[in-house]
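Reader: Could you walk me through a structure the way you'd read it yourself, one feature at a time?

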Amino acid sequence: MTGALLALALAAGGLDQEEWQPPPPWEEEDGEGGPRFFLSAWGGEALDDGGGGASHGVLGGELAWAAFEHLDLGLAGYVYRGLPEAVRASTPVALVRLIQRYPTRHGVEATFAIGVGAARPDDWVAWLQVALGVRVTFGPLFLGGEIAFEQYDLLRLTGGLGVAF
């Protein structure tokens, strides 16, 4: 019995590891390299860490271009409702975002994004963002979630729906 198990272990150890593993899901079968654009719609809340813990609604959208294999360059626009520094009911925010995608398991990607842009709570001000997220793909569609640290001590929690083409 021990000899048979040893022979089986030696035979299995001699196989090339790449022969039996399926290719990762983010690699295209036809060699086209995958989608080049990502269009997303975002919605959620921004929690105000410095102003008594209030929350502010957030809606937005993003168009990102896959500049490199796992690195995207995006243009994002958001509208924040009821920021304490704002003189208007809604504050527009425009950002240029650099998004690094990390393929993990079948159809799941982790993301890290840095955004730089401007917002207009009263007059135009610089706006910075650092975000961590996840995407779950279903063919060309994907669901996403992000947690972002932003200007004015805001912690933004958003969910999104998108399409890759």
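Author: Let's go from the overall layout to the cavity, then to single residues. Keep in mind that this is a predicted model.

Reader: Fine, start with the layout. How many helices and strands does the protein have?

Author: The count is 2 helices and 8 strands. Going along the sequence, the order reads α-α-β-β-β-β-β-β-β-β.

Reader: And what share of the residues is buried?

Author: Of the 165 residues in the protein, 29% are buried. As for sequence range, take the contacts between residues at least 6 apart: 45% of them join residues at least 24 apart.

Reader: Now the strand pairing. Which way do β1 and β2 run relative to each other, parallel or antiparallel?

Author: Antiparallel: 11 bridges join β1 (residues 37-48) to β2 (residues 55-66). To see a single pair, look at Gly 44, which stands opposite Val 58 in β2.

Reader: What about β1 and β8?

Author: β1 also pairs with β8 (residues 154-164), in the antiparallel sense and over 11 bridges. Here you can pick out Trp 42, whose bridge partner in β8 is Gly 160.

Reader: Next, empty space. How do you go about finding it?

Author: The general idea is to roll a probe the size of a water molecule over the atoms, which shows where empty space is left. In this model, the count comes to 1 cavity of 30 Å³ or more. The largest cavity holds about 60 Å³ of space.

Reader: Which elements give two or more residues to the lining of the largest cavity?

Author: Those are β4 (90-103), β6 (125-138) and β7 (141-150). If you want to select residues, the lining includes Trp 42, Glu 62, Arg 97, Gly 145 and Glu 146.

Reader: How do the lining residues divide by character?

Author: There are 3 nonpolar, 4 polar and 4 charged residues in that lining.

Reader: Let's take the charged ones, then. Is Glu 62 buried or exposed?

Author: For burial, you compare the relative accessible area with a cut-off, and buried means under 20%. Glu 62 counts as buried because its relative accessibility is 5%. Glu 62 lies in β2, and its side chain makes a polar contact with the side chain of Arg 97 at 2.9 Å.

Reader: What else does Glu 62 touch, beyond residues up to four places away in sequence?

Author: Among its contacts are Phe 38, Leu 39, Ser 40 and Trp 42, as well as Gly 74, Leu 75 and Ala 76. Arg 97 and Ile 99 are in contact with Glu 62 too.

Reader: And Glu 146, which side chain does that one make a polar contact with?

Author: The side chain of Glu 146 makes a polar contact with the side chain of Arg 156, at 2.9 Å. Glu 146 is in β7, and at 7% relative accessibility Glu 146 counts as buried. Setting aside neighbours within four places in sequence, Glu 146 has contacts that include Trp 42, Arg 97, Ala 131 and Leu 157.

Reader: Gly 145 is on the lining list as well. Why is Gly 145 called partly exposed?

Author: Because its relative accessible area is 23%, and partly exposed covers the range between buried, under 20%, and exposed, over 50%. Gly 145 is found in β7. Its contacts outside the local sequence include Trp 42, Leu 132 and Thr 158. You can also check a spacing here: the C-alpha atoms of Gly 145 and Gly 44 are separated by 9.5 Å, with their positions 101 residues apart along the chain.

Reader: Is there a similar spacing to check for Val 108?

Author: Try Phe 142: it is 34 residues from Val 108 in sequence and 9.3 Å away in space, C-alpha to C-alpha. Val 108 is in β5 (residues 108-119) and counts as partly exposed at 26% relative accessibility. Beyond four places in sequence, Val 108 touches Tyr 102, Pro 103, Val 134, Arg 135 and Val 136.

Reader: Last one, backbone angles. Where is Tyr 152 placed?

Author: Tyr 152 sits in the loop between β7 and β8. Tyr 152 has a positive phi of about 60 degrees, although it is not a glycine. Asp 153 is in the loop between β7 and β8 and has a positive phi of about 55 degrees, again without being a glycine. For accessibility, Tyr 152 is partly exposed at 27%, whereas Asp 153 is exposed at 51%.

Key. Residues numbered from 1 in each chain as written. Predicted model: local features only at pLDDT ≥ 70, side-chain atom pairs only at ≥ 80, totals over all residues. Heavy atoms only, no water. 1 Å grid on protein atoms, 1.4 Å probe; cavity = no way out; pocket = protein on both sides within 12 Å on 5 of 7 lines; lining within 4 Å. Points joined across faces, edges and corners; volume = space filled by probe spheres on them. Helix = DSSP H or I, 4+ residues; strand = E, 2+ residues; numbered from the N terminus. Nonpolar A, V, L, I, M, F, W, Y, C, P; charged D, E, K, R; others polar. Pairing = 2+ DSSP bridges. Buried < 20%, exposed > 50% of the residue type's maximum accessible area, 1.4 Å probe, protein only. Contact = heavy atoms within 4.5 Å. Polar contact = N/O pair within 3.5 Å; in protein donor to acceptor, adjacent residues only side chain to side chain.
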